[in-house]
Amino acid sequence: MNIFTRNSTVLPFLNYLMVPPKPHRNGESHEQTERSRTRDTPTNPIESDTSEWPGVEVESHDRGGREFTLDGREVGHVHRGRLIDIPFAKRIRDILIEEERAEKHHVYPDSGWVSYCVRSDEDIDGALWLLRISYLYHLIAMRKREKDHSAEDAVNIDAVLAELDLSDALEHVFSERRTVE
């Protein structure tokens with residue numbers, strides 16, 4: 001498999017990098033054209049995978065790209081299939097940066113947000129891993145504040161966390177988060 005394929009399909013975000021943008025019609029900006037193009041269909045493997053997680057809704061992001069939410073809380077967003085921004089508690093953000101799994105947010109480096117750049121096919125798994133961490137953290141918060149656990153019931157949080165091969169530091173944070181009432 002070369003870097004431009006995944007499961008025998010062309011990666012749209014890499015294809016986008018190789019093909020110059022088409023001229024805009026009707027005076028639309030590039031951002032408006034991009035939003036129109038991506039409104040109803042997944043544009044890349046990251047959006048495709050994330051949109052299948054129980055409870056996740058995918059919408060246009062106010063600064064371009066696509067946003068993933070769970071019960072109204074943002075799990076993260078992707079700009080043009082290449083730059084992923086994900087909110088975390090600062091404690092988790094610090095661990096992720098220390099472990100070199102993400103970078104400080106490209107605009108707000110002192111916030112809890114991280115950025116992750118998808119430069120090749122191999123980076124997709126890293127982006128999905130980070131989004132999954134954010135998703136599970138929000139899922140735990142939902143369980144604590146609501147009696148209806150419909151999205152959580154569809155996800156075995158312990159099993160998914162075990163599959164993610166968390167560092168001891170991240171395991172500790174999630175363990176504390178799950179036990180604190």
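In the predicted model, helix α4 is followed by Glu 100, a residue whose phi is positive, near 60°. The helix itself spans residues 90-98, and its buried residues are Ile 92, Arg 93, Ile 95 and Leu 96. Viewed down the axis of α4, these buried residues fall within an arc of 165°, so they line one face of the helix. The elements covering the buried residues of α4 include two strands, β7 (103-104) and β8 (114-117), together with the helices α5 (123-145) and α8 (168-179).

The second largest pocket has a volume of about 210 Å³. Its lining consists of His 61, Arg 63, Glu 74, His 77, His 79, Leu 83, Asp 85, His 105, His 106, Val 107, Tyr 108 and Trp 113. By class, four of the lining residues are nonpolar, five are polar and three are charged. Strands β5 (73-79) and β6 (83-86) each supply at least two residues of this lining. The largest share, three residues, comes from β5.

Glu 74, one of the residues lining the second largest pocket, is also in contact with Thr 69. Thr 69 lies in strand β4, which comprises residues 66-70. The relative accessibility of Thr 69 is 9%, and because buried means under 20%, Thr 69 counts as buried. When residues up to four places away in sequence are not counted, Thr 69 touches Gly 55, Val 56 and Glu 57, as well as Glu 74 and Val 75.

Definitions and conventions:
Residues are numbered from 1 along each chain as its sequence is written. This is a predicted model: local features need pLDDT of at least 70, side-chain atom pairs count only at pLDDT 80 or more; totals for chains, interfaces and linings use all residues. Side-chain values use heavy atoms; hydrogens and water are left out. On a 1 Å grid over the protein atoms alone, a cavity is a set of points where a 1.4 Å probe fits but cannot get out, and a pocket is an open set with protein on both sides within 12 Å along at least five of seven lines; lining residues have an atom within 4 Å of a point. Grid points are joined across faces, edges and corners, and a volume is the space filled by probe spheres set on the points. Helices (H or I, at least four residues) and strands (E, at least two) are DSSP runs, numbered from the N terminus. Ala, Val, Leu, Ile, Met, Phe, Trp, Tyr, Cys and Pro count as nonpolar, Asp, Glu, Lys and Arg as charged, and the others, Gly among them, as polar. Buried means under 20% relative accessible area, exposed over 50%, partly exposed in between (1.4 Å probe, protein chains only). The arc is that of the directions from the helix axis to the C-beta atoms. Contact means heavy atoms within 4.5 Å.
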